[in-house]
Amino acid sequence: MNAIRAISLLFILALCVSGCQSNNTPPLDISPLQSPNFGIYIFKENWHELELGYEGDHAQDTLNAADANDSLFVLGVDQIDRYDWNLQTITLTKKATSDLLEALANADNTDSLEISKLKDLKRNLGYGNALESALYIRGFVVKLDGQAKYGGIFLDAVSQMAIDFPVIRVTVVDDKAVFAILPTHIPFVMIDPVDGSGKLRSPDIVQEAQHDVQQLDFFPEWVEELSLSESSVQFRTLIRDETIRLLFENANKLKH
């Protein structure tokens, strides 16, 4: 039965292409019959519990070996409203944002005393948001058809952890979570300092809120050094995988 369906689909596609060509119009850009399965798996465990450390190779091996089937939450293409390829920001749908908050609220709280105090301090200072706090240093891995592409942790911009692998910043706009993916942790920076064309963004775009830090003379050079480090270049290539870009373009969810 599956063979008959496949043959039928191929026949229909052939007719479509033939019809387009007979009308002297360019042939359709036909997508694969089945798109790769994309997922952002958010783990129950955090950086401490996963024992990720700071180095990229060890963290990737550990995250790849973790049981993604026991994840706290999984985000697929349907749960994503828009993927801005240039900024490398992923905007969730309102429902996915609500469902994620609910899953986090129902999760067992395994925060250490030190993490709880840190979250309380940030909350009292009015820094961040409830979703960012709940996701703080939780592990995640991005997979295509069950194969891990890259992984990392959720981490706020002011953290001083020397994380040399991908991190996700979390903001909420119009009740939608926005995940900004950075190839490595670059303190005080909210989005990847390198744009879609491979050029460095200007410091005032890279780092929006911490204007006092931006005034430091060494800040632009420091950001450039971290942005173009060997680890950043390596992970940026994995994050900006062409298969992922085409997947979201075909789903009409890609912003160039």
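Here are three short exercises on salt bridges in this structure, each with a worked solution.

Before you start: this is a predicted model, where local features need pLDDT of at least 70, side-chain atom pairs count only at pLDDT 80 or more, and totals for chains, interfaces and linings use all residues. Residues are numbered from 1 along each chain as its sequence is written, and side-chain values use heavy atoms, leaving out hydrogens and water.

**Exercise 1.** Find out which parts of the chain the D70 and K44 pair links.

*Solution.* Start with the contact: D70 and K44 form a salt bridge (a side-chain nitrogen of Lys or Arg within 4 Å of a carboxyl oxygen of Asp or Glu), with N to O at 3.0 Å. Next, place them: D70 sits in the loop between α3 (56-65) and β2 (73-75), and K44 in strand β1 (residues 38-46), 26 residues apart. Strands here are DSSP runs (E, at least two residues), and helices are too (H or I, at least four), numbered from the N terminus.

**Exercise 2.** Work out how D81 and K176 are connected.

*Solution.* First, their closest N and O atoms are 3.2 Å apart, in a salt bridge. Then look at the strands: D81 is in β3 (residues 80-84) and K176 in β8 (residues 176-182), so the pair ties together parts 95 residues apart in sequence. Finally, salt bridges with shared partners join D81, R82 and K176 into one network.

**Exercise 3.** Are R236 and D192 buried or exposed?

*Solution.* Begin with the cut-offs: buried is under 20% relative accessible area, exposed over 50%, partly exposed in between (1.4 Å probe, protein chains only). R236 and D192 are both buried. Their salt bridge has its closest N and O atoms 2.9 Å apart.
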